2 protein chains.
Amino acid sequence: MNDPAARRRKITLADVAAGCGVSRATVSLVLRRSPLVNAATRARVEAEFQRLGYVYNRSAASLRSRRSSSVALVINDLSNPFFAEFAAGVDEALAAAGYVTLLGSTGESAERQQAVLASLMEHDPAGVILSPAEGSDARRVCQAVGAHTPVLVFNRELAASGWDHLGLDNRDGARQATEHLLALGHTRIAFFGGHAGSSSCRQRREGYAAALAAAGLAVQPQWLVETAPTRLEAAGQAGALFARDPAPTAAVCYNDAVALGLMLGLLARGRRPGVDFAVTGFDDIPEAALSVPPLTTLAADPRARGRQAAALVLARLGQREAIAVQTIVPVQLRVRASSCAPGRP
Amino acid sequence: MNDPAARRRKITLADVAAGCGVSRATVSLVLRRSPLVNAATRARVEAEFQRLGYVYNRSAASLRSRRSSSVALVINDLSNPFFAEFAAGVDEALAAAGYVTLLGSTGESAERQQAVLASLMEHDPAGVILSPAEGSDARRVCQAVGAHTPVLVFNRELAASGWDHLGLDNRDGARQATEHLLALGHTRIAFFGGHAGSSSCRQRREGYAAALAAAGLAVQPQWLVETAPTRLEAAGQAGALFARDPAPTAAVCYNDAVALGLMLGLLARGRRPGVDFAVTGFDDIPEAALSVPPLTTLAADPRARGRQAAALVLARLGQREAIAVQTIVPVQLRVRASSCAPGRP
DNA sequence: AGGAACATTTAGATCGGTCCAAATCCGAAC
DNA sequence: GTTCGGATTTGGACCGATCTAAATGTTCCT
């Protein structure tokens, strides 16, 4: 930084070359750690990098080499801790691989998603990781992304897109939770919360129904309660479980937010979750372990999923023509105090 | 997309120019919406964009024009909802202004922060929004960022950096909370949680002390309890408040996580927050409104802060030499049930 | 007809790197 | 003293856009 050339203009590779009397091509070889260049020369050049405070211009490099060093990450809802954690995992893994993350958040709007994708594509990302907004249309997304950039779709399904997909095993997770409650001795088990229209809710209900069927029990329609996936609405709907006899003694909830809401709603009705009534969640959000009672739930480790998504999209860069991969990650049951045995009636 | 040229290679401005018999310069003018170009020509070129499925290459453009269209966003902890929300706000405002967000997350590690900054700088961002990791050193950060890229520092202070700063009014917030408790009739008020070393904790303690002083009360050292800013540790340290007589009847907490933890810890000791003991938080995270009892706290609207940060850094691009701006945002007291009046002893 | 004034278009250099093929250097082999 | 092969180095085109200054029309006066 003590060189007058550093004053105003940015230092380029040409400055470095001039500074130590070699050609630009040689400096470029040093930058790329080529074994071709002589050790002494390399040392001289690297000293000059230091002296001038040289900063590599990766965009210029990718322009010529046609190798992009960025990946676009488009998230439907960054304010949801699950996705924020996912984003952190993606960024962590991309950074480790020498890529930079181009962030776009869509706020669950398919319209914004189109605009965001179009804008990100102008920066020529090597690949795209997309957690689709509600109501995304595969055709429109494909139109924005083009046919030559690999896409990894996370969490939600995007019908017939021909892209790689990474999702949770919703069906098996709900099955595990239901079997856990059955094993405790419950026979009257509800499925509480979520919008039946969403693919994840549908899959979770399937797992729930499958576990009941395996135990020789029928699904009671009055024990299927729909709510928005928020604590507040879940708390309000708690009463729906007890509208008709026989009332359930346990509930598999769509996710943790709903489960926490339900527990509040139960308390408001004088029932003690974890004592009079068993509850399970889904996601294992940080609060699940700290609620009263602590919540039995299914852990998906969103940060690890982020790292995995990054790995998948980077792997695809080498294998552009291979068939699309559908990855379903198992989820893990975390048993805590909210899932109690049924009380003696 | 039906043109054979679209097959494999990417469509460039030269293809469009050739496709409709004008020069590359003219196509470039159309792209930039220059009024110089004839309406008929513009229409012809724009039709060709559609026909070929042309995608603008913004990196190439910024290389030549020396106008970057990205801003780096470096976040200490994306898994914290406060910062995730902040990031969403930044991205929203940057996207609206035609910039793309280069994301970097540091996981509170000053080392990683250096690496992340260095990597992001190679993509030549127009500016940097930095929410520093704990233990950041202004000199090292400056070394990574260079002297020519504007930086906006968010939340924490970075001593003597000469950069713009956006922070919350921590002092006034804690003062408001303390005055609120005083107005309710409390006189024995603790300050609970946080690391006294951090600038935000120091400022909040100052506000707390100022309010007590204004009421003619002295700060009792045994009522200043330090904890890591997590729910878990806060719950564990709750007992420290009652180690010596006289015990406090209320606590101003470092933040919401700490306050929620303290409330759990109180329950574990048979004291009912909001009934036997008053608690306030800081941040107004989404759970604050839904805890039992709902938490009195200070709202900072992180998404709006994100938009503001983006606006500040973009404003700086036009005013490179103007003096650094220190922006302190007021925070708003949200009174809820956790701050009760003192019980009759 | 000649030319000024304006509108529109364009050739060619350029941004900061990488790529390629060819040039140069050097000690060993003939 | 040449010739040869490996190790290094290099000139100059090139990536896809923008910039500059100059080249082309057009119209409209005088």
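The legends below describe close-up views of a predicted model with protein chains A and B and DNA strands C and D.

**Figure 1. Confidence along chain A of the predicted model.** The average pLDDT of chain A is 93. A score of at least 70 is reached by 97% of the residues of chain A. Residues 1-7 of chain A stay under 50 in pLDDT. For this stretch the model has 10 contacts beyond four places in sequence. Where pLDDT is low, the predicted coordinates should not be read in detail.

**Figure 2. Strand β8 of chain A and its two pairings.** Strand β8(A) spans residues 250-253. With β6(A), residues 189-192, β8(A) pairs in the parallel sense over 4 bridges. Within this pairing, A:Phe192 has A:Cys253 as its bridge partner. With β9(A), residues 278-280, β8(A) also pairs in the parallel sense, over 3 bridges. Here A:Val252 stands opposite A:Thr280. Helix α11(A), residues 256-268, joins β8(A) and β9(A) in a β-α-β unit, and the unit is right-handed.

**Figure 3. The two faces of strand β8 in chain A.** In a regular strand the side chains alternate between the two faces of the sheet. On one side of β8(A) are A:Ala250 and A:Val252, both buried. On the other side are A:Ala251 and A:Cys253, which are buried as well. Both faces of β8(A) are thus covered.

**Figure 4. The open sheet of chain B.** Four strands of chain B form this sheet in the order β7-β6-β8-β9, with parallel pairing. At the edges stand β7(B), residues 224-225, and β9(B), residues 278-280. Each of these edge strands has a single partner, so one side of each is left without a neighbour in the sheet. The parallel strands β8(B), residues 250-253, and β9(B) are joined by 3 bridges. In this pairing B:Ala251 stands opposite B:Val279.

**Figure 5. The contact between chains A and B, seen from the side of chain B.** In this contact, 37 residues of chain B meet 38 residues of chain A. On chain B, at least two residues each come from α4 (58-65), α5 (81-96), β2 (100-105) and α6 (110-121). The largest share, 8 residues, is supplied by α5(B). By class, the side of chain B that touches chain A has 19 nonpolar, 10 polar and 8 charged residues.

**Figure 6. Strand pairing between the chains.** Strand β2(A), residues 100-105, pairs with β2(B) in the antiparallel sense. The pairing has 3 bridges. In β2(B), B:Leu103 is the bridge partner of A:Thr101.

**Figure 7. The protein surface near DNA strand D.** DNA strand D is surrounded by 26 residues. The closest are A:Ala25, A:Arg64, B:Thr12, B:Leu13 and B:Ser28. Two or more residues are given by each of α2 (24-31) and α4 (58-65) of chain A and by each of α2 (24-31) and α4 of chain B. The largest share of this surface, 5 residues, comes from α4(B). The surface near DNA strand D has 13 nonpolar, 8 polar and 5 charged residues.

**Figure 8. The protein surface near DNA strand C.** Around DNA strand C there are 26 residues, the closest being A:Leu13, A:Ser28, A:Arg64, B:Ser23 and B:Arg64. The elements giving two or more residues are α2 and α4 of chain A, together with α2 and α4 of chain B. For DNA strand C the largest share, 5 residues, comes from α4(A). By class, the residues near DNA strand C divide into 13 nonpolar, 8 polar and 5 charged.

**Figure 9. The positions of A:Arg9 and A:Ser109.** A:Arg9 is found in the segment before α1(A), residues 13-19. A:Arg9 counts as exposed because it has 9 C-beta neighbours inside 10 Å. From A:Arg9 to A:Ile129 the separation is 120 residues in sequence and 36 Å in space, C-alpha to C-alpha. A:Ser109 is found in the loop between β2 and α6 (110-121) of chain A. With 16 C-beta neighbours inside 10 Å, A:Ser109 counts as partly exposed. A:Ser109 and A:Ser136 are 27 residues apart in sequence, and their C-alpha atoms are 8.3 Å apart in space.

Key: Residues numbered from 1 in each chain as written. Chains lettered and ligands numbered in written order. Predicted model: local features only at pLDDT ≥ 70, side-chain atom pairs only at ≥ 80, totals over all residues. Buried ≥ 20, exposed ≤ 12 C-beta atoms within 10 Å, placed from the backbone. Pairing = 2+ DSSP bridges. Right-handed = clockwise from strand over helix to strand, strands pointing away. pLDDT = per-residue confidence, 0-100. Contact = placed C-beta atoms within 7 Å. Nonpolar A, V, L, I, M, F, W, Y, C, P; charged D, E, K, R; others polar. Near = placed C-beta within 6 Å.
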